[in-house]
Amino acid sequence: MTVTINVRELSLETRASLAKEEGIPKEMLMELAKDEEVGVRINISANKSVPPECLAKFAEDELLAVRINVFSNPSTPADVLDKLATEKDEAIRANVAENPSTSEETLKKLVNDEWLVARMKAAERLESLKKK
């Protein structure tokens, strides 16, 4: 017997809690990714199990905390990280430099970033790639 749960009928607290869970079905994650509530968006954007297309959507979210989670999330696709490594916010660029999914090409660009922290993190990642 298959049980279907309509996530929209769940309380905000339950949806926000579920959004953190990495073991829930993809379909449920996709539904939670459509949620407009801030707490749900923040939690799901940090979830490593969220499908790449959801992370790409969250990369353009109006809320800085959501975008920072996306750039820190190791499941974020390299093309999303590359496209958005030019964000005005220094913290986002630094998070992009630290993300293990960031391409070498993007890291080489970030080595010349105007913000010292982003430059240092990109240089560290490039150095660690050379050691592999």
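Helix axes are lines fitted to C-alpha atoms over the stretch in contact, and the angles between them run from 0 to 180 degrees between N-to-C directions. With that convention in mind, the tour may begin; the structure on display is a predicted model.

**The whole chain**

Display the full chain as a cartoon. Its secondary structure comprises 9 helices and 0 strands, and the order along the sequence reads α-α-α-α-α-α-α-α-α. Along the principal axes, the C-alpha atoms occupy a box of roughly 55 × 30 × 20 Å.

**First stop: α3 and α5**

Select residues 38–45, which form helix α3, together with residues 64–72, which form helix α5. The axes of α3 and α5 lie 8 Å apart, and the two helices pack at an angle of about 15°. Angles under 35 degrees count as roughly parallel, and α3 and α5 are therefore roughly parallel to each other. Their crossing is left-handed.

Now show the side chains at this contact. From α3, the participants are R41, I42 and S45; from α5, they are A65, V66, N69 and V70. By class, this contact of α3 with α5 contains 4 nonpolar, 2 polar and 1 charged residues.

**Second stop: α5 and α7**

Keep α5 selected and add residues 90–98, which form helix α7. The axes of α5 and α7 come within 8 Å and cross at roughly 15°. The pair is therefore roughly parallel, and the crossing of α5 and α7 is right-handed.

Which residues of α5 meet α7? Highlight L64, R67, I68, F71 and S72 in α5; they meet A91, I92, N95 and V96 in α7. The residues of this contact between α5 and α7 divide into 6 nonpolar, 2 polar and 1 charged.

**Third stop: α7 and α9**

Hide α5, retain α7 and select residues 116–131, which form helix α9. Here the axes of α7 and α9 are 8 Å apart, with a packing angle of about 5°. These two helices are therefore also roughly parallel to each other.

On the α7 side, the contact is made by R93, A94, A97 and E98; on the α9 side, by V117, A118, K121, A122 and R125. How many residues of the contact of α7 with α9 are charged? The division is 5 nonpolar, no polar and 4 charged.

**Final stop: the largest pocket**

Return to the full chain and select T4, I5, V7, P25, E27, M28 and E31, the residues that line the largest pocket. Displaying a surface around them will help to locate this feature. About 150 Å³ of space lies in the largest pocket. Its lining divides into 4 nonpolar, 1 polar and 2 charged residues; E27 and E31 are among the lining residues to inspect.

Methods
Residues numbered from 1 in each chain as written. Predicted model: local features only at pLDDT ≥ 70, side-chain atom pairs only at ≥ 80, totals over all residues. Heavy atoms only, no water. Helix = DSSP H or I, 4+ residues; strand = E, 2+ residues; numbered from the N terminus. Parallel < 35°, antiparallel > 145°, perpendicular 65-115°, else oblique. Left-handed = near helix turned anticlockwise from the far one by under 90°. Contact = heavy atoms within 4.5 Å. Nonpolar A, V, L, I, M, F, W, Y, C, P; charged D, E, K, R; others polar. 1 Å grid on protein atoms, 1.4 Å probe; cavity = no way out; pocket = protein on both sides within 12 Å on 5 of 7 lines; lining within 4 Å. Points joined across faces, edges and corners; volume = space filled by probe spheres on them.
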